[in-house]
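The following exercises practise the reading of a protein model. Please attempt each task before turning to its solution.

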Amino acid sequence: SAKFIFTEQGQVEPTEILHTGLFDFEKAMNSAGWLQELEDGHANHTPETEEYGITSFVYEVRRPFHPARLVEWTEHMPREIVRAKGIVWSAVQNEVAILLSQAGPAVRFEPVSYWVAALPEAQQKQVFEEDPHVLAEGDATDGDRGTQLVISGIAMDEEIITQQLD
């Protein structure tokens with residue numbers, strides 16, 4: 001019985017959500033869902049991953065994406081994908097790691113940090129001294145550049161999604 005309000009960038013009229021008088025405490029108290037959970041107890045709880053078939057996997061590659069093809073994929077990604085988030089290596093932004101954040105139809109790309117491999121040598125050395133695993137996880141050619149995305153969804157075909165991204 002919730003009222004749906006569609007927004008852009010979270011912009012909403014306060015009168016749409018404050019002091020609306022729409023909440024019915026009695027109705028909420030008698031709501032079968034949460035009462036059933038309390039009565040059944042934690043031991044009998046079915047995790048949402050099982051109840052709704054939610055799974056996730058990590059897509060990881062050590063080569064850059066062509067930015068236009070990646071945007072094209074996000075515009076037509078399989079509907080089974082509910083959420084994707086991670087770091088992307090773009091072929092035209094070789095110095096900057098890009099955060100890809102997708103939830104439902106909303107997709108956002110934004111710079112998140114410089115790749116260590118793109119930093120001046122003195123700064124790289126400092127990073128490696130402070131955090132040796134960065135050096136260990138990189139390679140001689142591309143350093144720490146790469147893509148790591150966690151993709152979550154319902155009844156996804158991991159093989160097809162991986163092929164599409166590849």
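The exercises below treat the sheet, the core, the aromatic pairs and the salt bridges in turn.

The model is predicted, and local features need pLDDT of at least 70, side-chain atom pairs count only at pLDDT 80 or more, while totals for chains, interfaces and linings use all residues. Residues are numbered from 1 along each chain as its sequence is written, and side-chain values use heavy atoms, with hydrogens and water left out.

**Exercise 1. The sheet**

Determine the order of the strands in the open sheet and name the edge strands.

Solution.
Step 1. Helices (H or I, at least four residues) and strands (E, at least two) are DSSP runs, numbered from the N terminus. Two strands pair if DSSP finds at least two bridges between them.
Step 2. The five strands of the open sheet follow the order 1-5-2-3-4, with antiparallel pairing.
Step 3. Strand 1 and strand 4 (106-114) each pair on one side only and are the edge strands.
Step 4. From one strand to the next, the twist averages 15°. For such angles, axes are lines fitted to C-alpha atoms, for helices over the stretch in contact, and angles run from 0 to 180 degrees between N-to-C directions.
Step 5. Eight bridges join strand 1 and strand 5 in the antiparallel sense; Glu60 has Gln148 in strand 5 as its bridge partner.
Step 6. Strand 3 and strand 4 also run antiparallel, joined by eight bridges, and Gln102 has Val107 in strand 4 as its bridge partner. These two strands form a hairpin with two residues between them, and Gly104 in the turn has a positive phi of about 60°.

**Exercise 2. Helices and core**

State which strands helix 7 touches, and which residues of the largest nonpolar core touch the most other members.

Solution.
Step 1. Contact means heavy atoms within 4.5 Å. Helix 7 packs on the sheet and touches strand 1, strand 2 and strand 5, its direction making about 30° with that of strand 1.
Step 2. Helix 4 lies across strand 2, strand 3 and strand 4, and runs at about 145° to strand 4.
Step 3. A nonpolar core is a set of buried Ala, Val, Leu, Ile, Met, Phe, Trp, Tyr and Cys residues joined through side-chain atoms within 4.5 Å. Buried means under 20% relative accessible area, exposed over 50%, and partly exposed in between (1.4 Å probe, protein chains only).
Step 4. The largest core has 18 residues, of which Tyr59, Ile151, Ile161 and Leu165 touch the most other members. Among the elements that give two or more residues to this core are strand 1, helix 4 and helix 7.
Step 5. Not counting residues up to four places away in sequence, Leu165 touches Tyr59, Phe65, Leu70, Trp73 and Ile151.

**Exercise 3. Aromatic pairs**

Classify the two aromatic pairs found in a search of the whole structure.

Solution.
Step 1. Rings of Phe, Tyr and Trp (its six-membered ring) pair if their centres lie within 6.5 Å; planes under 30 degrees apart count as stacked, over 60 as edge-to-face and the rest as tilted.
Step 2. The ring centres of Phe23 and Phe25 are 6.4 Å apart with planes at 65°, so this pair is edge-to-face. Both Phe23 and Phe25 are exposed.
Step 3. The ring centres of Tyr59 and Phe65 are 6.3 Å apart with planes at 35°, so this pair is tilted. Tyr59 is buried at 3% relative accessibility, and Phe65 is buried with a relative accessible area of 10%.

**Exercise 4. Salt bridges**

Locate the three salt bridges found in the whole structure.

Solution.
Step 1. A salt bridge is a side-chain nitrogen of Lys or Arg within 4 Å of a carboxyl oxygen of Asp or Glu.
Step 2. Lys3 and Glu16 meet at 2.8 Å, N to O. Lys3 and Glu16 both lie in the segment before helix 1 (25-29), so the pair ties together parts that are 13 residues apart in sequence.
Step 3. Arg63 and Asp166 meet at 3.3 Å, N to O. This pair links distant parts of the chain, 103 residues apart: Arg63 is in the loop between strand 1 (54-61) and helix 4 (67-75), and Asp166 is in the segment after helix 7 (158-165). Arg63 is partly exposed at 39% relative accessibility, whereas Asp166 is exposed at 52%.
Step 4. Glu110 and Arg108 meet at 3.5 Å, N to O. Glu110 is partly exposed, with a relative accessible area of 32%, and Arg108 is partly exposed at 44% relative accessibility.
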